[in-house]
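Please open the structure in a viewer and keep the sequence panel at hand. The stops below are given in the order in which they may be selected.

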Amino acid sequence: MSVVELCREDEIAVVLVDNPPVNALKHEVRVGLTDAFSQARDDSAVAAIVLACAGRTFIAGADITEFDKLPKAPHLSEVIALMESIGKPIVAAIHGTALGGGFEIALGCHFRVAAPGARVGLPEIKLGLLPGAGGTQRLPRLIGVEKALPMILSGDPIPAKEALQYGAVDAILEGELAPAAVDFARRIVKEKWPLRRVRDMDEKLEAMRRNPGKFDELAATLSKRTRGLHAPAAAIEAVRWSLDVPFDDAEKRVRSAFQELRQGDQSKAQRYVFFAEREAAKIADVPPGVRPREIARAAVIGAGTMGGGIAMCFANAGIPVTLVETGQEALHRGLDIIARNYRNTVKRGGLAGDEMERRLARIQGVTDFAPVGEADIVIEAVFEEMDLKRRIFGDLDRIAKPDAVLASNTSYLDIDEIGASTQRPQAVVGMHFFSPANVMRLLEVVRGEKTAPETLATAMAVGRRIGKVPVVVGVCHGFVGNRMLRARGIEAERMLLEGALPQDVDGAIVEFGFPMGPFAMGDLAGLDVSWRMRKAQGLTAEIADRLCEAGRFGQKTSKGFYRYEAGSRTPRPDPEVEALIAEASARHGIARREIDKQEILERLIFPMINEGARILEEGIAARPSDIDVIWVYGYGWPVWRGGPMYYADRLGLATIREKLAEIAARSKDERLEPAALVTRLAAEGRGFGSLAEAARAGR
Ligand code: CAA
């Protein structure tokens with residue numbers, strides 16, 4: 001069976017793309033489209049053409065795996081140019097998602113119709129690219145720059161209804177799409193609608209052409225969160241060409257900008273993350289026959305910050321959720337915060353008022369445990385105290401449905417011990433959300449020793465359903481993310497004692513691409529939280545402990561590693577802290593020295609990589625790319641640097657091994673000695689990535 005079929009229904013030709021799973025535009029598809037459209041053009045019995053797709057979606061874009069190879073003709077823009085030149089109307093019939101090159105093909109058609117649930121968008125920016133086949137030129141012509149630029153820079157698709165309002169699609173058709181699209185094409189022929197080539201449209205650009213300052217304003221607003229990234233600036237330039245460069249010249253320029261980005265390190269890293277995210281969904285030892293359970297109702301125990309955020313995730317995904325607190329007052333406080341969060345989103349224009357009401361209505365607050373018995377999944381999100389958790393799981397064991405999933409949101413406690421407080425440890429799993437839980441995409445799914453495959457599969461599936469990126473991790477203190485974070489934190493503290501200041505350390509890592517550094521992050525999270533945890537484990541952190549003893553808990557007390565002015569979250573260096581640090585250095589007899597940025601970066605990042613290697617040795621993470629996904633989605637690792645393990649491979653493990661040995665010697669910390677895995681791979685001239693390749697080959 002060919003990936004592109006051409007058939008006829010009277011005078012209407014139907015070009016059908018069938019390249020599962022997402023009809024990506026691999027070379028054979030481009031060839032198939034060229035042949036099919038050429039035939040339809042040359043067939044005098046054909047009056048109009050419908051482009052439709054088989055399976056779950058319209059064309060979801062270029063085949064991303066081809067971006068690592070040499071481009072092969074026909075290029076997508078040539079296919080689109082051919083389609084546009086055919087003097088017969090072409091109707092794109094869009095169901096599922098028309099993304100990237102898929103949407104660009106649709107923009108090359110003369111008309112677009114969509115199924116009610118369809119979405120269209122240009123997500124190239126998320127891969128470190130710009131739309132390379134006319135999207136930057138046609139979309140502004142079709143819907144105006146004001147609408148097109150945000151779509152191109154966010155990469156987020158819009159639903160069919162919005163696309164219709166914008167004029168990106170011409171009609172939403174109910175019922176089976178392909179026959180409805182054929183009828184639509186018949187109407188075009190019968191009523192002799194004029195052919196509309198998007199490239200010839202101009203009206204929607206006129207206002208912006210007269211007022212180019214408006215373009216700059218819009219571009220400046222939209223590029224606020226793009227620090228460090230190359231693609232957004234290139235995309236803005238390309239959209240600007242739609243205003244002042246003839247179409248064909250602009251296309252040529254776009255093509256070369258696209259090639260430059262495609263070959264650049266940023267896009268390579270972002271493509272790696274795209275596939276790493278999908279790989280993380282695969283659990284090697286869960287048999288293919290294992291099906292996730294149906295989740296119709298959830299319950300969350302604890303209406304604090306985490307519990308409230310988790311409840312919102314379920315409500316947002318349309319799943320009714322019971323939120324349990326011990327007292328009315330705490331419950332009301334929790335529900336009020338949820339309502340306030342939603343109101344703020346509505347105020348910012350991110351949510352319609354009626355949708356907010358629907359979501360709020362899905363959250364039922366209660367102060368007794370009984371309603372938990374109706375839930376298919378229960379997530380405990382109370383204080384990090386083992387005794388308390390054991391008690392709660394004991395209660396859940398008695399009350400919960402026999403086949404309910406019992407999850408804990410613990411960020412470091414032992415899931416096996418929690419599971420042992422029930423008669424059904426096979427139903428117990430960790431679901432570690434990240435704060436704010438309703439925003440952060442990462443979900444560490446902690447697999448206990450006795451967690452059943454079905455429980456694990458359900459936690460992963462429900463995670464995806466509520467919009468998270470779930471990654472399976474094993475049981476150890478802090479799991480993957482926090483365990484590596486701790487390795488970074490220890491070395492960060494040491495550098496303070498040796499001569500750096502919080503702003504030096506934070507500055508270096510922010511320049512690297514993180515949104516904030518370890519000390520500003522500590523202030524934001526509350527220094528008392530980690531202080532309490534350290535005390536429970538008999539650990540210390542000299543500077544952080546002293547700050548806490550002085551009542552400096554971070555932003556909540558306006559003082560921590562930094563000082564904060566009333567109503568501001570901007571960290572400001574504080575001479576009091578500097579004095580406290582200098583005093584600590586003197587007490588230890590350390591002569592303070594200047595630590596340069598390079599050293600700061602190596603001492604923050606290499607210990608994390610080393611801990612990551614140990615995590616792999618211990619099987620706590622299944623693959624290096626899982627660790628990368630965790631750091632990109634949970635800790636602000638710059639996506640264009642691919643994640644710590646990917647970054648390590650780019651630098652070369654021999655370098656990492658050498659530097660680690662130096663850091664270990666200087667810090668007199670054997671934990672920093674290169675992990676056996678680092679040493680072995682470095683000696684073999686391999687990287688972490690080769691482990692994944694070997695695993696895939698054996699699959
Ligand atoms: N190329 C190659 N493989 C792709 C792909 C693509 N564009 N899109 C998805 N896949 C693969 C995935 O890797 C996955 O493979 P495995 O099953 O082996 O892991 C499989 O298709 C299914 O994908 P998902 O698990 O993501 O399925 P989903 O139903 O959850 O989501 C989707 C479907 C919304 C289309 C999502 O896959 C997606 O967002 N894809 C990427 C879309 C995209 O970025 N398109 C633009 C490409 S760049 C471009 O088009 C530039 C240009 O100028 C031509």
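The tour goes from the whole chain to the ligand and then to the cysteines.

This is a predicted model, in which local features need pLDDT of at least 70 and side-chain atom pairs count only at pLDDT 80 or more, while totals for chains, interfaces and linings use all residues. Residues are numbered from 1 along each chain as its sequence is written, and side-chain values use heavy atoms, with hydrogens and water left out.

**The whole chain**

Select the protein chain and display it as a cartoon: 30 helices and 17 strands appear (DSSP runs numbered from the N terminus, H or I of at least four residues for helices and E of at least two for strands). The radius of gyration is 28 Å, close to the 27 Å that the globule rule gives for 699 residues, so the chain is as compact as a globular protein of that length. That radius is taken over C-alpha atoms, and the rule is 2.2 Å times the number of residues to the power 0.38. Along the principal axes, the C-alpha atoms fill a box of roughly 90 × 60 × 55 Å. Colouring by burial marks 54% of the 699 residues as buried (under 20% relative accessible area, with exposed over 50% and partly exposed in between, for a 1.4 Å probe and protein chains only).

**The ligand and its shell**

Next, select the ligand together with every residue that has a heavy atom within 4 Å of it. This shell holds 25 residues, and the closest are R56, A62, G101, R278 and K282. By class, 14 are nonpolar, five polar and six charged.

Zoom in on R56, where a polar side-chain atom lies 2.8 Å from an oxygen atom of the ligand. Then turn to the backbone: a polar atom of A60 is 2.9 Å from a nitrogen atom of the ligand, and a polar backbone atom of I64 is also 2.9 Å from a ligand nitrogen atom. On its own the ligand has 980 Å² of accessible area, of which the protein covers 72% (Shrake-Rupley method, 1.4 Å probe). Highlight β5 (97-99), α3 (101-108) and α12 (265-280), the elements that give two or more residues to the shell. The largest share, three residues, comes from α12.

**The cysteines**

Finally, select the cysteines. How many disulfides does the structure hold? There are zero, a disulfide being a pair of cysteine sulfur atoms within 2.5 Å. The sulfur of C53 is 10 Å from the closest cysteine sulfur, in C109, which is too far for a bond. C53 is buried, at 10% relative accessible area, and C476 is buried at 14%.

Notes: A polar contact is a pair of N or O atoms within 3.5 Å; within protein, one must be able to donate a hydrogen and the other to accept it, and residues adjacent in sequence count only if both atoms are side-chain atoms. Ala, Val, Leu, Ile, Met, Phe, Trp, Tyr, Cys and Pro count as nonpolar, Asp, Glu, Lys and Arg as charged, and the others, Gly among them, as polar.
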